[in-house]
Amino acid sequence: MDQIVAIFNQLGVDSSIYYQFIVFLVLFNILNVTLFSKLQFVLETREGKTTKLDEVADGKLKEFENLMANYNLRIKEANEKAQEIMSNNRQEVLKEGKARFKKFEEQIVNESDEKRKVIEQELEQLKAEVLKSSDNLSKELVEKIVQ
(Lines give C-alpha, C1' and ligand atoms only; values in the text may rest on other atoms or scores of the structure.)
Protein backbone atom coordinates (compact mmCIF):
# COMPACT_ATOMS: atom_id res chain seq x y z
CA MET A 1 0.00 0.00 0.00
CA ASP A 2 2.92 2.29 0.66
CA GLN A 3 3.97 1.86 -2.93
CA ILE A 4 0.56 2.95 -4.19
CA VAL A 5 0.64 6.03 -1.96
CA ALA A 6 4.18 6.81 -3.19
CA ILE A 7 3.02 6.53 -6.83
CA PHE A 8 0.05 8.84 -6.18
CA ASN A 9 2.36 11.36 -4.47
CA GLN A 10 4.74 11.30 -7.44
CA LEU A 11 1.77 11.95 -9.76
CA GLY A 12 0.75 14.91 -7.65
CA VAL A 13 -2.48 13.41 -6.36
CA ASP A 14 -3.79 15.14 -3.27
CA SER A 15 -6.98 15.09 -1.19
CA SER A 16 -9.00 16.77 -3.98
CA ILE A 17 -9.04 13.45 -5.83
CA TYR A 18 -12.24 12.47 -4.03
CA TYR A 19 -13.99 15.63 -5.25
CA GLN A 20 -12.62 15.10 -8.75
CA PHE A 21 -13.91 11.52 -8.76
CA ILE A 22 -17.40 12.65 -7.63
CA VAL A 23 -17.43 15.38 -10.32
CA PHE A 24 -16.31 12.75 -12.89
CA LEU A 25 -19.17 10.39 -11.87
CA VAL A 26 -21.76 13.19 -12.01
CA LEU A 27 -20.53 14.36 -15.46
CA PHE A 28 -20.39 10.77 -16.71
CA ASN A 29 -24.02 10.16 -15.65
CA ILE A 30 -25.17 13.43 -17.21
CA LEU A 31 -23.29 12.70 -20.46
CA ASN A 32 -24.54 9.11 -20.41
CA VAL A 33 -28.15 10.29 -20.26
CA THR A 34 -27.79 13.10 -22.78
CA LEU A 35 -25.03 12.14 -25.18
CA PHE A 36 -24.04 8.49 -24.87
CA SER A 37 -27.59 7.08 -24.97
CA LYS A 38 -28.38 9.15 -28.09
CA LEU A 39 -25.07 8.14 -29.67
CA GLN A 40 -25.77 4.50 -28.83
CA PHE A 41 -29.24 4.83 -30.39
CA VAL A 42 -27.80 6.38 -33.56
CA LEU A 43 -25.13 3.68 -33.85
CA GLU A 44 -27.64 0.87 -33.31
CA THR A 45 -30.06 2.43 -35.83
CA ARG A 46 -27.30 2.81 -38.37
CA GLU A 47 -26.13 -0.75 -37.86
CA GLY A 48 -29.72 -2.00 -38.08
CA LYS A 49 -30.28 -0.16 -41.34
CA THR A 50 -27.05 -1.34 -42.92
CA THR A 51 -27.61 -4.90 -41.76
CA LYS A 52 -31.21 -4.68 -42.91
CA LEU A 53 -30.11 -3.26 -46.25
CA ASP A 54 -27.65 -6.12 -46.65
CA GLU A 55 -30.42 -8.59 -45.91
CA VAL A 56 -32.79 -6.80 -48.30
CA ALA A 57 -30.06 -6.75 -50.97
CA ASP A 58 -29.45 -10.47 -50.45
CA GLY A 59 -33.19 -11.10 -50.70
CA LYS A 60 -33.43 -9.03 -53.88
CA LEU A 61 -30.44 -10.88 -55.32
CA LYS A 62 -32.09 -14.24 -54.61
CA GLU A 63 -35.34 -12.96 -56.08
CA PHE A 64 -33.45 -11.77 -59.17
CA GLU A 65 -31.73 -15.14 -59.53
CA ASN A 66 -35.10 -16.92 -59.23
CA LEU A 67 -36.65 -14.60 -61.80
CA MET A 68 -33.68 -15.11 -64.12
CA ALA A 69 -33.91 -18.89 -63.81
CA ASN A 70 -37.68 -18.71 -64.44
CA TYR A 71 -37.11 -16.39 -67.41
CA ASN A 72 -34.47 -18.71 -68.91
CA LEU A 73 -36.77 -21.69 -68.42
CA ARG A 74 -39.65 -19.89 -70.12
CA ILE A 75 -37.40 -18.83 -73.01
CA LYS A 76 -36.23 -22.43 -73.41
CA GLU A 77 -39.83 -23.68 -73.41
CA ALA A 78 -40.84 -20.98 -75.91
CA ASN A 79 -37.94 -21.94 -78.20
CA GLU A 80 -38.88 -25.60 -78.01
CA LYS A 81 -42.52 -24.77 -78.76
CA ALA A 82 -41.50 -22.55 -81.67
CA GLN A 83 -39.28 -25.32 -83.06
CA GLU A 84 -42.16 -27.77 -82.75
CA ILE A 85 -44.56 -25.38 -84.49
CA MET A 86 -42.04 -24.74 -87.25
CA SER A 87 -41.50 -28.47 -87.69
CA ASN A 88 -45.25 -29.08 -87.88
CA ASN A 89 -45.68 -26.22 -90.35
CA ARG A 90 -42.80 -27.57 -92.44
CA GLN A 91 -44.46 -31.02 -92.47
CA GLU A 92 -47.78 -29.48 -93.53
CA VAL A 93 -46.13 -27.44 -96.28
CA LEU A 94 -44.35 -30.56 -97.55
CA LYS A 95 -47.61 -32.51 -97.55
CA GLU A 96 -49.38 -29.71 -99.41
CA GLY A 97 -46.49 -29.47 -101.88
CA LYS A 98 -46.59 -33.22 -102.51
CA ALA A 99 -50.36 -33.11 -102.98
CA ARG A 100 -50.06 -30.20 -105.43
CA PHE A 101 -47.27 -31.98 -107.26
CA LYS A 102 -49.33 -35.15 -107.59
CA LYS A 103 -52.34 -33.16 -108.77
CA PHE A 104 -50.21 -31.26 -111.27
CA GLU A 105 -48.58 -34.50 -112.40
CA GLU A 106 -51.99 -36.14 -112.93
CA GLN A 107 -53.17 -33.08 -114.82
CA ILE A 108 -50.10 -33.18 -117.08
CA VAL A 109 -50.47 -36.93 -117.62
CA ASN A 110 -54.14 -36.47 -118.54
CA GLU A 111 -53.32 -33.59 -120.88
CA SER A 112 -50.49 -35.55 -122.49
CA ASP A 113 -52.77 -38.58 -122.92
CA GLU A 114 -55.42 -36.39 -124.55
CA LYS A 115 -52.85 -34.76 -126.83
CA ARG A 116 -51.38 -38.15 -127.66
CA LYS A 117 -54.84 -39.41 -128.60
CA VAL A 118 -55.45 -36.34 -130.75
CA ILE A 119 -52.06 -36.75 -132.44
CA GLU A 120 -52.70 -40.48 -132.97
CA GLN A 121 -56.04 -39.65 -134.58
CA GLU A 122 -54.37 -37.06 -136.79
CA LEU A 123 -51.68 -39.59 -137.69
CA GLU A 124 -54.35 -42.16 -138.48
CA GLN A 125 -56.10 -39.63 -140.71
CA LEU A 126 -52.83 -38.71 -142.39
CA LYS A 127 -52.00 -42.38 -142.76
CA ALA A 128 -55.40 -43.02 -144.27
CA GLU A 129 -54.94 -40.05 -146.63
CA VAL A 130 -51.45 -41.20 -147.57
CA LEU A 131 -52.74 -44.71 -148.20
CA LYS A 132 -55.57 -43.35 -150.34
CA SER A 133 -53.18 -41.13 -152.23
CA SER A 134 -50.75 -44.03 -152.60
CA ASP A 135 -53.58 -46.19 -153.93
CA ASN A 136 -54.51 -43.43 -156.31
CA LEU A 137 -50.90 -42.94 -157.32
CA SER A 138 -50.38 -46.65 -157.82
CA LYS A 139 -53.55 -46.82 -159.95
CA GLU A 140 -52.40 -43.81 -161.96
CA LEU A 141 -48.98 -45.33 -162.31
CA VAL A 142 -50.42 -48.63 -163.45
CA GLU A 143 -52.64 -46.81 -165.90
CA LYS A 144 -49.70 -44.88 -167.30
CA ILE A 145 -47.60 -47.99 -167.55
CA VAL A 146 -50.38 -49.86 -169.19
CA GLN A 147 -50.94 -47.12 -171.70
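**Exercise 1. Work out how exposed Arg116 is and which salt bridges it makes.**

Start with the surface: Arg116 has 41% relative accessibility, so it counts as partly exposed (buried is under 20% relative accessible area, exposed over 50%, partly exposed in between, with a 1.4 Å probe and protein chains only). Keep in mind that this is a predicted model, where local features need pLDDT of at least 70, side-chain atom pairs count only at pLDDT 80 or more, and totals for chains, interfaces and linings use all residues. Residues are numbered from 1 along each chain as its sequence is written, and side-chain values use heavy atoms, without hydrogens and water.

Next, look for partners. A salt bridge needs a side-chain nitrogen of Lys or Arg within 4 Å of a carboxyl oxygen of Asp or Glu. Asp113 qualifies, its closest N and O atoms with Arg116 being 3.2 Å apart. Glu120 bridges to Arg116 too, at 3.4 Å, N to O. Put together, shared partners join Asp113, Arg116 and Glu120 into one network.

**Exercise 2. Place these partners along the chain and check their exposure.**

Asp113 and Arg116 sit in helix H2, three residues apart, about one turn of the helix (helices are DSSP runs of H or I, at least four residues, and strands are runs of E, at least two, numbered from the N terminus). Glu120 and Arg116 are four residues apart in H2, so about one helical turn separates them.

Now the exposure: Asp113, at 28% relative accessibility, is partly exposed, and Glu120 is partly exposed with a relative accessible area of 40%.
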